[in-house]
Amino acid sequence: MPLNLIDIGCNLTSQRLYHDRDLIIADAHAAGVHTQILTGTDPDSNQRALELANQYSELYATAGHHPHHANEWQPHSHRAALQALAKAPRVVAVGEMGLDYNRNFATPANQRRCFEDQLAIAATVDKPIFLHERDAYDDFISILADALPELTGAVWHCFTGNQAQLERAIELGLYIGITGWVCDPKRGEDLRRIVAYIPDDRLMLETDAPYLTPKNLQPTPRTNEPQYLTYVLDTVAECREQSREHVANITTANAQRFFNLNESNEHSG
């Protein structure tokens with residue numbers, strides 16, 4: 001049976017992918033990846049992701065402000081612009097948003113303010129959120145838990161946490177996005193051990209292309225692409241002791257439901 005996969009996190013606006021987008025989309029189709037959700041991380045990528053989503057029927061977009069850029073966040077101007085952009089029909093989530101204390105490209109205080117502002121935006125536009133967390137779990141989950149009652153849904157993008165963090169996320173109703181991290185023999189060992197704990201109705205797949213190329217792809221290319229989502233699929237299916245067809249079906253159904261990928265936002269151009 002042919003695959004019908006949805007890559008819920010692809011950075012097609014990256015300079016490493018953007019200029020080859022027609023070929024990348026075609027190669028993804030050939031591999032069974034028929035829909036991509038392009039991640040917005042700052043004003044420029046938000047606008048470009050939406051332009052691509054309006055141009056290609058198989059593409060959708062998110063709009064957000066990554067914690068790496070939180071020092072540039074202007075609560076009035078950026079908030080107003082993001083809120084307007086998030087209302088676009090082809091924007092299906094607010095984010096990438098969250099906290100990253102691993103690299104601290106922005107101060108933790110600015111990250112928290114930027115995160116809280118975007119959570120408020122998501123509540124007003126009635127769109128789910130696309131989350132990022134690294135080495136900031138306690139603050140992240142505290143801020144998020146307070147906001148969740150007002151939100152339509154949340155997915156923890158590129159989850160790499162431990163079992164206790166996963167169980168708390170599931171308890172709070174979060175969806176979990178799994179990337180090629182799970183395919184890394186060393187870094188992905190813990191994730192492979194716990195990925196089976198994700199309920200069938202909360203699991204989604206993503207490449208985070210051009211990053212996190214699956215290490216079970218040999219030789220491993222320098223640049224990840226949506227077509228390589230099948231390698232994530234195979235590893236996840238093996239770890240969960242489920243068929244690749246089952247995992248493909250549930251993750252696609254979950255993405256369609258979570259991002260509301262229905263006839264109302266079919267491409268009209």
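Contact here means heavy atoms within 4.5 Å. By that criterion, and leaving aside neighbours within four places in sequence, A93 is in contact with A61, T62, A63, K127, P128 and F259. The model is predicted. The points below cover the surroundings of A93, the packing of helix 2 with helix 3, two nonpolar cores, and the loop residue K186.

**A93**

- A93 lies in strand 4, which spans residues 91-100.
- Because its relative accessible area is 0%, A93 counts as buried, the cut-off being under 20%.
- H65 is 28 residues from A93 along the chain, and 12 Å separates the C-alpha atoms of the two.

**Helix 2 and helix 3**

- Two packed helices are described by the angle between their axes and the distance between the axes.
- For helix 2 (residues 43-55) and helix 3 (residues 77-86), the axes come within 11 Å and cross at roughly 15°.
- Angles under 35 degrees count as roughly parallel, and helix 2 and helix 3 are therefore roughly parallel to each other.
- The crossing in which helix 2 passes helix 3 is left-handed.
- Helix 2 contributes P43, N46, Q47 and L50 to the contact, while helix 3 contributes H78, L82 and L85.
- Sorted by class, the residues of this contact are 4 nonpolar and 3 polar, with no charged residues.

**Nonpolar cores**

- The largest nonpolar core has 51 residues, and within this core I129, L144 and I178 touch the most other members.
- Helix 5 (residues 137-147) supplies the largest share of this core, with 6 residues.
- Not counting residues up to four places away in sequence, L144 touches F115, L119, I129, L131 and L174.
- A second core, separate from the largest, has 25 residues, including Y18, A49, L85 and I121.
- L85 of this second core is also one of the helix 3 residues in the contact with helix 2.

**K186**

- K186 sits in the loop between strand 7 (175-178) and helix 7 (189-194).
- With a relative accessible area of 74%, K186 is exposed, because exposed means over 50%.
- From K186 to I24 the separation is 162 residues in sequence and 28 Å in space, C-alpha to C-alpha.

**Points to check in the viewer**

- Buried or exposed: A93 is buried, whereas K186 is exposed.
- I129 is among the residues that touch the most other members of the largest core, and I129 is also one of the residues touched by L144.

Methods:
Residues numbered from 1 in each chain as written. Predicted model: local features only at pLDDT ≥ 70, side-chain atom pairs only at ≥ 80, totals over all residues. Heavy atoms only, no water. Axes fitted to C-alpha atoms, helices over the stretch in contact; angles between N-to-C directions. Helix = DSSP H or I, 4+ residues; strand = E, 2+ residues; numbered from the N terminus. Parallel < 35°, antiparallel > 145°, perpendicular 65-115°, else oblique. Left-handed = near helix turned anticlockwise from the far one by under 90°. Nonpolar A, V, L, I, M, F, W, Y, C, P; charged D, E, K, R; others polar. Core = buried A, V, L, I, M, F, W, Y, C linked by side-chain atoms within 4.5 Å. Buried < 20%, exposed > 50% of the residue type's maximum accessible area, 1.4 Å probe, protein only.
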